Amino acid sequence: MTAAARSWLARALAGSALLAALLGAVALYGWQLASAPNETKVEHFLINVVFVVGLQVFSGNSGILSFGQMAFAGVGAYTASILTIDPLLKPTLLTGLPHTLENAHLSFLSATLVAGAVAGCVALVTGLAILRLDGASAVIAILSLLLIADVVFDAWIGVTRGAGGLYAIPDESRLGRLLVFAIAAVVAARVFKDSRSGLLLRGSREDAFSAASVGVPVRAYRMRAWVLSGILSGVAGALLAFWLGTISPTNFFLAPTFAIVVMFIVGGMNTVTGAVAGAGVVTLVQELVRPHEDQGLDLGVVDVHRLTGLTQLVLVALILLVMYVRREGLFGRRELDELLFGTDGSPRLTRFRGR
Amino acid sequence: MHELVQNVINGLSLGSTYALLALGLALVFSIMGLINFAHGELFTIGGYTMWWLFDRGVPWPLVVVLTPLVCGVAAMLMERAAFRPLRGATLVTLLITSFAVSYFLQTVFQIGISAAPEGIELPGWVNDTVHVGSYTIASVKLVTTAVTLVALVALTLFLRRTRLGVSMRAAAEDFEVLRLMGVNANRVVLFAFAVSGVLAGLAALLFFATTAAVDPTTGTPLVINAFIAVILGGLGSLPGAVVAGFVLGFAEVLFESRLPGSATAFSNAFVLLVIIGLLLVRPQGLLGRPAGLT
């Protein structure tokens, strides 16, 4: 391995270590307070980190906004659930399962990894078609993927229980486990971003034609990012299923898609730091607003009886604020470590280079 | 044979809704590069307008005139409030903003009206049927198709024969050059929104005359399908959007009537798969010119 190769890898790992430390601190806060509601909030945050980082891997590096990540999340969630639900319950819950799946009873870790792998395969197959398109066409094609997935989750009742919802998913989510997955997602995203593939893909984001004209196989790099983001989103879906205990197709359709996109935009699309920060800010706002949801509001002049959808309104306000005031989000182009230590290998970072 | 005729009529009727929505979307997209998710809410506003007017006993000819007008005005307000400050922004910025506007309006409908569907009290004649030979045809479906054709002819004449229409087509070709020619860009964009709003209002009239119920999210799936029609037709191609809208309508009706009973629930997924398949063969769409990295 050349010195240059070591240096970008060391840099990426050092940068992710910084974010990992931050995530660890938040998790520690969750443990320390140890009251169940706070722990749940921190767990929700960590799952959201995996979701947003998954979106960032594709959309942040390629510049094509994906509204389709929840399709992979749904595939991951249903896969993990089917593999872990007690085999005794399966015949009554799910009537359309193949025999091998009926008896399958995997552990949390293997089910989550299989979920990621299955979602990655779905990404590979769909990417062959969707990534032939570019720009606005690609955006809409990816959105149609979400629609197809929703139809399948809804209509394949023998395997997903459809709109009735799949329940009895074992409660396997633990703060520590979620922390490990969130950190792994951050490391994967950061290493990909700083790798040769990530760098060339980011070049194509700035100017696809120029990149292609100097021989960058843009579509191939987009495919790599697409599959990695599919895997991460599948894992996030599995974690969400274990955390919720009950899943239905609406958990993987437009409303959560919007929430994840808001986190992604608020934090800033171009950095992994932004993905983590966006997940943090938006989860915090969501948790602050939630108690007021469905409450009456008397504004003196206007008396709104029930604020159904208050969370949505706040999300909309957040996103419009970012669009009109700070289009690049909280973290524009630089990761946290790059902000702190500079981007051109300032003295403090040389020690990570092993020289 | 009998079933075929019914399918053709149903396809024309559904395709009309898609074609009108897709045309409005394509018009705005070709001029300012905006994928307008909030177009679905213009359509929903049309539905609520019909509900409100019929509820107050307004005679139907007036409703037919007022609904597209209200949608047109709403579209102009939307342009002025949400999109003008972002003129010249990137595709992603515009896309996200329109997504947010769409969600905002849905929430407003939810809080201000109701999350539950509102029934529209349509006049009795929409349930009439006409007999042509041995065929029984819902008259409203014939009206639907006729209205769409008239609207398309009128729009074509407008775009080809009037100064403003020619400016709009020129804006779709090259917005910067149009401004250099001294054409008032704000007026062109505002008018494009107005036309797309009126088209959404017409689509709402046709659609709600057969479904008769509106809720805050009614517009979303329809507008997504209309988007897919825009892509299938070739981004920015107005005739392409119309043709693809009808193709989509026919495909949906065909799959719904021909798939075996257990698979009908999947019909929308099949339609989308077929369209993605078509795009694999022709990434630039049916009538589009090759563009981008395809």
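Okay, let's start with one helix. α8 of chain B is mostly covered, with 20 of its 27 residues buried. That helix runs over residues 185-211 of chain B. How far apart should its ends be? At 1.5 Å a residue, the expected span is 39 Å, and the end C-alpha atoms sit 38 Å apart, so the two agree. Just after α8(B) comes Ala212(B), which has a positive phi, near 60 degrees.

Before I go on, a word of caution: this is a predicted model. Its scores are ipTM 0.85 and pTM 0.88.

So where does that covered helix fit in? The largest nonpolar core has 207 residues. And α8(B) supplies the largest share of that core, 17 residues. There's a general point behind this: in soluble globular proteins, nonpolar side chains tend to be buried together. Which residues have the most contacts inside the core? Those are Val50(A) and Ala22(B). Let's look at Val50(A) for a second. Leaving out residues up to four places away in sequence, Val50(A) touches Phe181(A), Ala182(A) and Ala185(A). On top of those, Val50(A) also touches Leu232(A), Val235(A), Ala236(A) and Leu239(A).

Okay, chain B as a whole. You'll find 11 helices and four strands in it. Its C-alpha trace spans about 60 × 50 × 40 Å along the principal axes. What radius of gyration would you want from a compact globule with 294 residues? Near 19 Å, and chain B has 19 Å, so that agrees. Half the chain is tucked away, in the sense that buried residues make up 50% of the 294. Now take contacts in chain B between residues at least 6 apart in sequence: 77% of them join residues at least 24 apart.

How sure is the predictor about chain B? The mean pLDDT is 86, and 98% of the residues reach 70 or more. Confidence is highest in helix α2, residues 39-55 of chain B, at 94. The lowest spot in chain B is strand β3, residues 135-138, at a mean of 74.

Over to chain A. Here we have 17 helices and two strands. Buried residues make up 50% of its 355 residues. For contacts in chain A between residues at least 6 apart in sequence, the share joining residues at least 24 apart is 79%.

Chain A averages a pLDDT of 86, with 90% of the residues scoring at least 70. Where is confidence highest in chain A? That's helix α12, residues 218-244, at 96. Confidence is lowest in helix α17, residues 347-350 of chain A, at a mean of 42. In fact the pLDDT is below 50 over residues 345-355 of chain A, and beyond near neighbours in sequence that stretch has 14 contacts in the model.

Last topic: how the chains meet. The contact takes 37 residues from chain A and 35 residues from chain B. On the chain A side, the helices giving at least two residues each are α7 (135-155), α11 (208-213), α13 (254-267) and α15 (310-325). Which of them gives the most? It's α7(A), with 13 residues. And what kinds of residue are on that side of chain A? By class there are 28 nonpolar, six polar and three charged residues facing chain B.

If you scroll around the structure afterwards, try α8(B), with 20 of its 27 residues buried, and then α7(A), with its 13 residues on the side that touches chain B.

How values were computed
Residues numbered from 1 in each chain as written. Chains lettered and ligands numbered in written order. Predicted model: local features only at pLDDT ≥ 70, side-chain atom pairs only at ≥ 80, totals over all residues. pLDDT = per-residue confidence, 0-100. Contact = placed C-beta atoms within 7 Å. Rg over C-alpha atoms; globule rule 2.2 N^0.38 Å. Buried ≥ 20, exposed ≤ 12 C-beta atoms within 10 Å, placed from the backbone. Nonpolar A, V, L, I, M, F, W, Y, C, P; charged D, E, K, R; others polar. Expected span 1.5 Å × (residues − 1). Core = buried A, V, L, I, M, F, W, Y, C linked by C-beta atoms within 7 Å.
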